[in-house]
Amino acid sequence: MCDQTFVAITFGPCDSCGNPSPLMNIYIKSEAINYCSFCVEMMACRGLQKGESLATLKTESDTLKKKLEEERGKLNDVELHQVAEKIEVLNPLSVKTRRVMKGHTNKVLCMDWCSDKRRLVSSSQDGKVIVWDAFTLNKEHGLALPCTWVMACAYAPSGCAVACGGLDNKCSVIPLSLDKNENLAAKKKSVAMHTNYVSGCTFTNSDMQMLTSSGDGTCALWDVESGQLLQSFHGHTADVLSLDFAPSETGNTFVSGGCDKKANVWDMRSGQNIQSFESHESDINCVKYYPSGDAFASASDDATCRFYDLRADREVSVYKKDSLIFGASSVDFSMSGRLLFAGYNDYTINVWDVLKGTRASILFGHENRVSKVRVSPDGTALCSASWDNTLRIWA
């Protein structure tokens, strides 16, 4: 597919056979064709070589995947916890709740820290976005959006704007002002537009470009000023639930995870999927880069978190326990990268020793599913968002 190609589902008469049925509303260079699934398959078959069929191509694809896994397996040496056997065990952590932020009237779905290490933004199912002062618990800005389920929010690197998006299929940027009486809703600017809900958003190294992930199975890079689509990323076969931008200043890659159980690494310049990992057994809810940018972690509904080394091109550690049966919703690393904080659907936050693969601590306090965990930019605090309508600061 080209950069301007995407798919949406509608119902009506097929442009090819005329039968009323669910249609794949395929946009090719902004020109829409409405084909039923049978006609799409027929259209695909026209490009097949003699003796080929979709079944033979699928078999060939599966064979190549197996060969790739075998070649990867030949390069495997030892697991991360085996290398770390001689490293000292971590001392017990004394992390406690220091602040509880109440203000949302429904599930808090996302939050993000400002680069000033003090302010943070949260979004909720109540349709509101709130900017908080984490020291005083004051609400500096509050904004009601036209739709509920604001599933994504992010602070701009400069701290002068926030982005948010959700079930309205849009991602909007809101400039922040020192004047608390100013009407921020009037300054809200729609930047990104998908054909399904927006599940994640993040700025790149500047306020001028933004990455979004969506339930339409794509990720996209947008120019904030003009709202123009700069690059689209096609490769997932189901909803994309999370993305994270590489931490390097010259970073040109990002990682995404979704309902197809895949974690994909993308090159932003070419739009190509450069690495793909498929070891989870259920939806990937969150992906997060390691502080060095050489690895990333993922959290999944299969009740595990996994650690992938990009240089080794493989999974090097799995964080799980038999007693953990609920899905993991969010992950983030400590500043040193030694600890992995993971929020779970059983209302807890589990802290894992990244090197040894063991659980270092459990944080209790929330009364419903933990939807997001984020370590502050200076590494001194952790903020968690939950479906119990609150956010908590841990330190």
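**Figure 1. The second largest cavity and the strands that line it.** In this predicted model, β7 (128-133) and β8 (139-144) each contribute at least two residues to the lining of the second largest cavity. The greatest contribution is that of β8, with three residues. The cavity is enclosed by Val-129, Val-131, His-141, Gly-142, Leu-143, Val-162, Ile-174, Leu-176 and Leu-184. Seven of these lining residues are nonpolar and two are polar, with no charged residues. The volume of the second largest cavity is about 40 Å³.

**Figure 2. Surroundings of Val-121 in strand β6.** Val-121 belongs to strand β6 (residues 119-124). Its relative accessible area is 0%, so Val-121 is buried. Apart from neighbours within four places in sequence, Val-121 is in contact with Cys-110, Met-111, Asp-112, Val-129, Ile-130, Val-131, Cys-153, Ala-154, Tyr-155 and Val-162. Among these contacts, Val-129, Val-131 and Val-162 also appear in the lining of the second largest cavity. Ala-163 is 42 residues from Val-121 along the chain, and the C-alpha atoms of the two are separated by 9.4 Å.

**Figure 3. The largest cavity.** The structure holds two cavities of 30 Å³ or more. The largest cavity has a volume of about 50 Å³. Its lining is made up of Leu-145, Pro-146, Cys-147, Trp-149, Val-150, Cys-164, Gly-165, Gly-166, Asp-168, Ser-172 and Lys-188. By class, six of the lining residues are nonpolar, three are polar and two are charged. Rolling a probe the size of a water molecule over the atoms shows where empty space is left.

**Figure 4. Ser-213 within a stretch annotated as a WD repeat.** An unreviewed UniProt entry lists residues 101-133, 191-232, 233-276, 277-318, 330-362 and 363-395 under "repeat: WD". In the span 191-232, strand accounts for 60% and helix for 0%, and the end C-alpha atoms lie 14 Å apart. Ser-213 is found in strand β14 (residues 209-214). With a relative accessibility of 0%, Ser-213 counts as buried. Beyond its neighbours within four places in sequence, Ser-213 is in contact with Tyr-197, Val-198, Ser-199, Gly-200, Thr-218, Cys-219, Val-240, Leu-241, Ser-242 and Leu-243. Glu-367 lies 154 residues from Ser-213 along the chain, with 28 Å between their C-alpha atoms.

**Figure 5. The largest nonpolar core and the contacts of Leu-340.** The largest nonpolar core contains 19 residues, of which Cys-305, Phe-307, Tyr-319, Val-331 and Leu-340 touch the most other members. At least two residues of this core come from each of β22 (295-300), β23 (305-309), β24, β25 (328-333) and β26 (339-344). In soluble globular proteins, nonpolar side chains tend to be buried together. Leaving out neighbours within four places in sequence, Leu-340 is in contact with Ala-297, Cys-305, Tyr-319, Val-331, Asp-332, Phe-333, Asn-350, Val-351, Trp-352 and Val-354. These contacts include Cys-305, Tyr-319 and Val-331, which are likewise among the core members that touch the most others.

**Figure 6. Two loop residues with positive phi.** Most residues other than glycine have a negative phi. Ala-303 has a positive phi, near 70°, and lies in the loop between β22 and β23. Ala-303 is buried because its relative accessible area, 6%, is under 20%. Asn-389 also has a positive phi, near 75°, and occupies the loop between β30 (382-386) and β31 (390-394). The relative accessible area of Asn-389 is 24%, so this residue is partly exposed. Asn-389 lies within residues 363-395, one of the spans listed by UniProt under "repeat: WD". The span 363-395 is 52% strand and 0% helix, and its end C-alpha atoms lie 11 Å apart.

**Figure 7. The second largest pocket.** The second largest pocket has a volume of about 350 Å³ and is lined by 15 residues. Nearest its centre are Glu-69, Arg-72, Ser-276, Phe-277 and Glu-278. Elements that each provide at least two lining residues are α2 (54-75), β20 (273-277) and β24 (314-319). The largest share, five residues, is supplied by α2. The lining comprises seven charged, five polar and three nonpolar residues. Strand β24 supplies residues to this pocket and also to the largest nonpolar core.

Technical notes:
Residues numbered from 1 in each chain as written. Predicted model: local features only at pLDDT ≥ 70, side-chain atom pairs only at ≥ 80, totals over all residues. Heavy atoms only, no water. 1 Å grid on protein atoms, 1.4 Å probe; cavity = no way out; pocket = protein on both sides within 12 Å on 5 of 7 lines; lining within 4 Å. Points joined across faces, edges and corners; volume = space filled by probe spheres on them. Helix = DSSP H or I, 4+ residues; strand = E, 2+ residues; numbered from the N terminus. Nonpolar A, V, L, I, M, F, W, Y, C, P; charged D, E, K, R; others polar. UniProt positions renumbered as here; feature names shortened; annotations may be inferred. Core = buried A, V, L, I, M, F, W, Y, C linked by side-chain atoms within 4.5 Å. Buried < 20%, exposed > 50% of the residue type's maximum accessible area, 1.4 Å probe, protein only. Contact = heavy atoms within 4.5 Å.
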